[in-house]
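Biologist: Thanks for sitting down with me. Could you walk me through this one, starting from the inside?

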Amino acid sequence: MKIYRNISALITPLGKTALRGDGMRKNIVTVKDATIVVNDDGIITDVGSEKEILEKNKGITEEIDCKGLLALPGFVDSHTHAVFMGERSNEFCMRAEGRSYQEIASAGGGIHSSVEQVRHASAKEISQYSQKFVRNALSLGTTTMEIKSGYGLSAESEITLLHAAKRIGELTGMEIVRTWLGAHAVPKEKTQTEYIEELINEQLPRVIKEQAAEFCDVFCDEGYFTNEETERICNAAKRAGMKIKLHADELAGTGGAALAAKLGSYSADHLLKISNAGIVALAKSERTVATLLPITAMCIRSPYAPARKMIEAGCAVAIATDCNPGSSMSENMQLAISLAVIGMQMLPEEALIAATLNGAAAIDRATTHGSIEKGKIADFVLYDIPSLSYLAYHIGVSDIVTVVKNGKMVSGIL
Ligand SMILES: [Zn+2]
């Protein structure tokens with residue numbers, strides 16, 4: 001048992017499910033002069049104001065003085081593609097010249113250039129290369145991270161990426177949740193029909209056999225996978241016991257959000273082109289979290305997703321980095337929060353909930369992660385900041401002093 005004491009203020013959402021609508025403003029508390037008690041399994045056994053907690057927990061000898069810093073829950077980054085090989089800064093420059101996502105893809109850039117590099121690498125090489133991004137994320141306050149495959153596009157290479165993602169967790173101490181995104185694009189050597197057969201009959205059985213991923217994701221969008229194809233792949237994955245996530249309504253409004261709700265997907269992600277009907281479908285859905293990726297919108301020079309409209313309609317909104325070498329080369333959740341406030345008119349409280357508890361719900365971890373509460377995993381971050389708003393306001397600069405994962409200080413020193 002140990003006690004983290006002398007926390008000037010602790011700010012956390014409350015609950016074990018995603019918060020929606022005005023719950024994203026109301027279900028958040030500030031505890032002044034706070035203390036957190038953590039057991040040897042890294043679980044919070046008590047949290048509250050110092051006076052009452054110290055009285056109740058006499059006899060615990062290990063005390064950590066948090067020196068008057070401010071505590072927030074660790075970020076749950078629920079959408080990343082952080083296993084890959086090779087960087088694509090050339091495309092970043094092409095975009096500066098005004099070339100579109102589709103133009104870059106037809107010039108040999110995009111997903112296929114990453115696929116080339118991944119197919120020539122081993123799981124060990126990939127984990128060695130990609131671990132730095134995950135290490136950065138941990139030092140920037142992310143304590144749980146979803147990682148998707150999707151740059152292999154063959155049974156062998158997709159499995160290699162998923163093994164690499166697991167290895168990165170072991171190397172860095174980051175908690176990783178793995179998603180199989182074989183349906184990220186169609187590889188050059190196959191037709192659409194051939195590849196969908198491969199996904200269902202070769203890749204999926206291998207992912208299941210090797211327990212390589214918990215979620216199945218599909219890039220449901222114009223030029224990638226149609227709604228009918230998405231439904232077929234997701235239903236096969238569900239029958240095999242997997243949970244679903246979807247890339248939806250990013251490049252074109254194809255009804256992906258409504259499809260995600262219909263499929264019982266844990267999230268519908270991107271949503272730059274979501275329709276009013278899509279917003280209504282997500283607001284009605286009990287499970288599907290609207291996951292917005294503002295760094296990507298900025299990088300592809302798109303208008304942001306209509307977060308305000310979604311929150312007012314009663315959707316549960318999460319934000320994530322979408323860390324990937326093409327359209328969002330950032331593992332910084334604090335930047336996503338700043339952009340949520342600046343570009344999507346979210347309040348700092350809503351952005352924090354979106355980056356923690358609602359992110360946890362988007363990867364089915366809301367009962368154990370995403371808030372600093374009794375019974376949850378002790379994942380929290382100590383900041384040298386005067387208020388929550390300051391986190392969004394101090395753009396692109398981290399004021400983190402220490403990151404605590406499973407009750408242990410894993411980055412920075414007090
Ligand atoms: Zn993505």
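Modeller: Happy to, and keep in mind that this is a predicted model. Let's begin with the largest nonpolar core, which has 141 residues.

Biologist: Which residues of the largest nonpolar core touch the most other members?

Modeller: Four members stand out among the 141 residues. Those that touch the most other members are A71, V317, I337 and A340.

Biologist: Nice. Which helix gives this core its largest share?

Modeller: The largest share amounts to eight residues. The helix that supplies them is α14.

Biologist: And where does this core lie with respect to domain 1 and domain 2?

Modeller: Domain 1 covers 2-74 + 370-411, and domain 2 covers 76-362. Both of them give residues to the core, so its place is between them.

Biologist: Back to A71: leaving aside neighbours within four places in sequence, what is A71 in contact with?

Modeller: Good one to look up in the viewer. With those neighbours set aside, the contacts of A71 are I7, L10, A34, I372, F380, V381 and L382.

Biologist: Is helix α14 largely enclosed or largely open?

Modeller: Helix α14 spans residues 333-344. Its buried residues include I337 and A340, two of those that touch the most other core members. Ten of its twelve residues are buried, so α14 is largely enclosed by the rest of the structure.

Biologist: Last one: are α7 and α8 roughly parallel or roughly antiparallel?

Modeller: Helix α7 (residues 155-172) packs against helix α8 (residues 192-209) with axes 9 Å apart and an angle of about 25°. Angles under 35 degrees count as roughly parallel, so the answer for α7 and α8 is roughly parallel.

Conventions: Residues are numbered from 1 along each chain as its sequence is written. This is a predicted model: local features need pLDDT of at least 70, side-chain atom pairs count only at pLDDT 80 or more; totals for chains, interfaces and linings use all residues. A residue is buried if 20 or more other C-beta atoms lie within 10 Å of its own, exposed if 12 or fewer, and partly exposed in between; C-beta atoms are placed from the backbone. Helices (H or I, at least four residues) and strands (E, at least two) are DSSP runs, numbered from the N terminus. A nonpolar core is a set of buried Ala, Val, Leu, Ile, Met, Phe, Trp, Tyr and Cys residues joined through C-beta atoms within 7 Å. Domain bounds come from an automatic or database domain assignment. Two residues are in contact if their C-beta atoms, placed from the backbone, lie within 7 Å. Axes are lines fitted to C-alpha atoms, for helices over the stretch in contact, and angles run from 0 to 180 degrees between N-to-C directions. Angles under 35 degrees count as roughly parallel, over 145 as roughly antiparallel, 65 to 115 as roughly perpendicular and the rest as oblique.
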